[in-house]
Amino acid sequence: MPYNNKALVDFKGKMFDTKLLFERFTQDVLLGLYDGFKLDGGIMNNCLLQPFINHRMDKIIIIALRDTFEVPEYIYKYYKEEDLFVFKPNFKINPEDTIRFEKDFCFDLFQKGYEMASKVEV
């Protein structure tokens with residue numbers, strides 16, 4: 001994430017405040033501090049389904065990073081429920097985990113995802 005303020009983020013998990021970090025980052029974006037940069041769309045809009053409305057697909061596979069994820073109601077105006085495949089973790093993912101890139105942590109996530117996906121027919 002481009003915003004770097006040690007008062008907000010300690011990657012050892014001691015002082016991580018995702019909400020405050022995103023609020024400040026959003027303010028910086030609105031102020032134009034990142035004009036010209038290609039930013040990750042998930043920072044400002046973490047449910048990027050609009051492209052699938054503009055460009056119709058037969059099926060959509062959604063990989064959620066929260067076990068509480070729900071498909072937004074508006075997508076059902078364009079897709080039937082059986083055309084949406086949602087993979088949600090069956091374990092707790094903390095907000096700071098989405099920016100953890102340690103090899104063992106990522107390997108464990110990939111392994112869990114592979115096991116989940118291998119049980120589903122698309």
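Tutor: The protein chain, read along its sequence, follows the pattern α-α-α-β-β-α, and the model shown here is a predicted one. Its secondary structure comes to four helices and two strands.

Student: How do you know that S1 and strand S2 are joined, and which way do they run?

Tutor: Two strands pair if at least two bridges are found between them, and four bridges join S1 to strand S2, residues 84-87, so these two strands count as paired. They run parallel, and one of the bridges has isoleucine 60 with leucine 84 of S2 as its partner.

Student: What makes the side chains along S1 alternate, and which of them are buried?

Tutor: In a regular strand the side chains alternate between the two faces of the sheet. Along S1, Ile60 and Ile62 point to one face and are buried, while Ile61 and Ile63 point to the other face and are not buried.

Student: Why is aspartate 83 called buried or exposed?

Tutor: The relative accessibility of aspartate 83 is 12%, and buried means under 20%, so aspartate 83 counts as buried. This residue is found in the loop between S1 and S2. Leaving aside residues up to four places away in sequence, aspartate 83 touches Arg56, Asp58, Lys59 and Ile60.

Student: What makes glutamate 82 count as buried or exposed?

Tutor: Glutamate 82 also has its place in the loop between S1 and S2, but its relative accessibility is 51%. Exposed means over 50%, therefore glutamate 82 counts as exposed. Its C-alpha atom is separated by 9.6 Å from that of isoleucine 60, and the two residues are 22 residues apart along the chain.

Student: Why is alanine 117 placed in the class it has?

Tutor: Alanine 117 has a relative accessibility of 36%, and since buried means under 20% and exposed over 50%, with partly exposed in between, alanine 117 counts as partly exposed. Alanine 117 is found in helix H4, and from C-alpha to C-alpha it is 10.0 Å from isoleucine 63, although the two are 54 residues apart in sequence.

Student: How many residues line the second largest pocket, and which lie nearest its centre?

Tutor: The lining has 21 residues, of which Ile63, Ala64, Leu65, Leu109 and Phe110 lie nearest the centre of the second largest pocket. The elements that give two or more residues to this lining are strand S1 (60-63) and helix H4 (103-117), and H4 gives the most, with eight residues. The volume of this pocket is about 500 Å³.

Student: How do the residues of that lining divide into nonpolar, polar and charged?

Tutor: The lining of the second largest pocket divides into 15 nonpolar, two polar and four charged residues. Leucine and phenylalanine are among the kinds counted as nonpolar, so Leu109 and Phe110, which lie among the residues nearest the centre, belong to the nonpolar group.

Student: What is known about burial and exposed surface for the protein chain?

Tutor: Of its 122 residues, 25% count as buried, and the protein chain exposes about 9,600 Å², with carbon and sulfur atoms supplying 54% of that area.

Key
Residues are numbered from 1 along each chain as its sequence is written. This is a predicted model: local features need pLDDT of at least 70, side-chain atom pairs count only at pLDDT 80 or more; totals for chains, interfaces and linings use all residues. Side-chain values use heavy atoms; hydrogens and water are left out. On a 1 Å grid over the protein atoms alone, a cavity is a set of points where a 1.4 Å probe fits but cannot get out, and a pocket is an open set with protein on both sides within 12 Å along at least five of seven lines; lining residues have an atom within 4 Å of a point. Grid points are joined across faces, edges and corners, and a volume is the space filled by probe spheres set on the points. Buried means under 20% relative accessible area, exposed over 50%, partly exposed in between (1.4 Å probe, protein chains only). Accessible areas come from the Shrake-Rupley method with a 1.4 Å probe; for residues, only the protein chains shown count as cover. Contact means heavy atoms within 4.5 Å.
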